[in-house]
Amino acid sequence: MITRYTFPEMSRLWTEQAKFESWLLVEKTVAGVQAQLGIIPRSAARLIQRATFSIPEIEEYERETNHDVIAFVRSVSKNLGSAGRYVHYGLTSYDVVDTALALRCVEALKLIENELGRLQKECGRLAQRYRHTPMIGRTHGMHAEPITFGLKCLSWYSETGRCITNVAKARTEIGYGKLSGAVGSYAQLPVQVEEIVMRRLGLKSEPVSTQVVPRDRHALMLCTLAIVAASLERMATEIRNLQRTEIGEVAEPFSKGQRGSSAMPHKKNPIICERVVSLARVIRSYALVSLENVPLWHERDLTNSAAERIIIPESCTYLHYIVRKMTGVISGLVVNTERMQENLVRSGCVFFSQSLMLELVNAGMSRDKAYELVQSLAFGSLKEKTDLPSLAFANPEVTRLLKPRQLKKVFDVKNLLNQVDRVFKRCGIPLADRNTDASAH
């Protein structure tokens, strides 16, 4: 991993030290269960429980054997005397490697879940605070109809909740180990050993394994992480767009002493959001590799191994990093409500076009005719740099069908936003006092 994009609690899970510690935990647990079942001597199991390893020793042995698990077993066994022959007894390499990997993946996903929980909390806080703050909604990058900024943040809150649920599901699906031997047939050890060991480790037994745990589990995890990264990218991209000079409605936090550009002192660039987008692309690309790791040859080949040493640690580490960074952006987000108000009316209030069209239809005009009339008024508003309500009140075809009070109701922003609270209630966020009165806009 690149240390620039890591936090210590996650990165330590993927160190060589942590890897070998997880391998040793599996070996010790297996030896304990084997002794309990009378497969190996209890005296040997007791000595194995005190076994250690040396990374420099493992590295030296691997240069000779060109096999990391054999090198590890040799280092662990070295100082155990005759008991050393019972280390790794009846196991194949991936009995240990895959079971230990599951332990670390479960812990990594827990860390990611915790970070997502904090992000969701911040999104909910922002949604609540700006629940009734109107802003223009945009489709295709163009002014559409008003929303509230709180509603936009509520979308992030809801999506983050789905991310938490999906990561929890992935944690369940990756939490499987195996001790079924070289081809998954339990030729050397009884199924009972696996069942007891997995229970003690907090894992589940893979129902039908080959020499490895099937890689669809790992692909599910990596694809889930990629989806979460894509959700973060959506948030980051929205903030980047709203921070553009021409829009200026929000901005990611800019700390004291921070510099935006080596050449232009005026710059405040959305660098954190851009970093989130950049790393999301990396995580998404790793999901593709995980899918390609699923179709191994026969009971297994080694084509997944080298790739997984990269894609699993880095996907977990970089996602953990960008979730925390995104939480910092949301918690410190600068929200310019005055600019939201300016942009809301910038296009001459043409966002009332659908409301006016529907009111004309209700008054008896055909939909096609109403659409044509309102479109003409809206385009005229943009061309003449006036507002749609003024043109509507002055148009005889409109006023023939609609009375002034009806038109006044049509052009009331509150009517376009009167369902926002229902959406909040549906998402389980309690109602709060209005901090911004939509009618004032």
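Student: Is the crossing in which α6 passes α7 left-handed or right-handed?

Tutor: Two packed helices are described by the angle between their axes and the distance between the axes. Here α6 passes α7 in a left-handed crossing (the near helix is turned anticlockwise from the far one by less than a right angle). This is a predicted model, in which local features need pLDDT of at least 70 and side-chain atom pairs pLDDT 80 or more, while totals for chains, interfaces and linings use all residues. Residues are numbered from 1 along each chain, and side-chain values use heavy atoms, without hydrogens and water.

Student: At what angle do the axes of α6 and α7 cross?

Tutor: Helix α6 (residues 93-129) and helix α7 (residues 149-174), both DSSP runs (H or I, at least four residues), have axes (lines fitted to C-alpha atoms over the stretch in contact) that come within 9 Å and cross at roughly 165°. The two helices are therefore roughly antiparallel (over 145 degrees).

Student: How is the largest pocket lined?

Tutor: Rolling a probe the size of a water molecule over the atoms shows where empty space is left. A pocket is an open set of 1 Å grid points where a 1.4 Å probe fits, with protein on both sides within 12 Å along at least five of seven lines; lining residues have an atom within 4 Å of a point. About 820 Å³ lies in the largest one. Its lining has 30 residues, with M142, H143, A144, V350 and F351 nearest the centre. Helix α14 contributes the most, six residues.

Student: Which element gives the largest share of the lining of the second largest pocket?

Tutor: Helix α6 does, with six residues; that pocket has a volume of about 560 Å³. Among its 25 lining residues, D68, Y94, V97, S305 and R309 are closest to its centre.

Technical notes. Axes fitted to C-alpha atoms, helices over the stretch in contact; angles between N-to-C directions. Parallel < 35°, antiparallel > 145°, perpendicular 65-115°, else oblique. Points joined across faces, edges and corners; volume = space filled by probe spheres on them.
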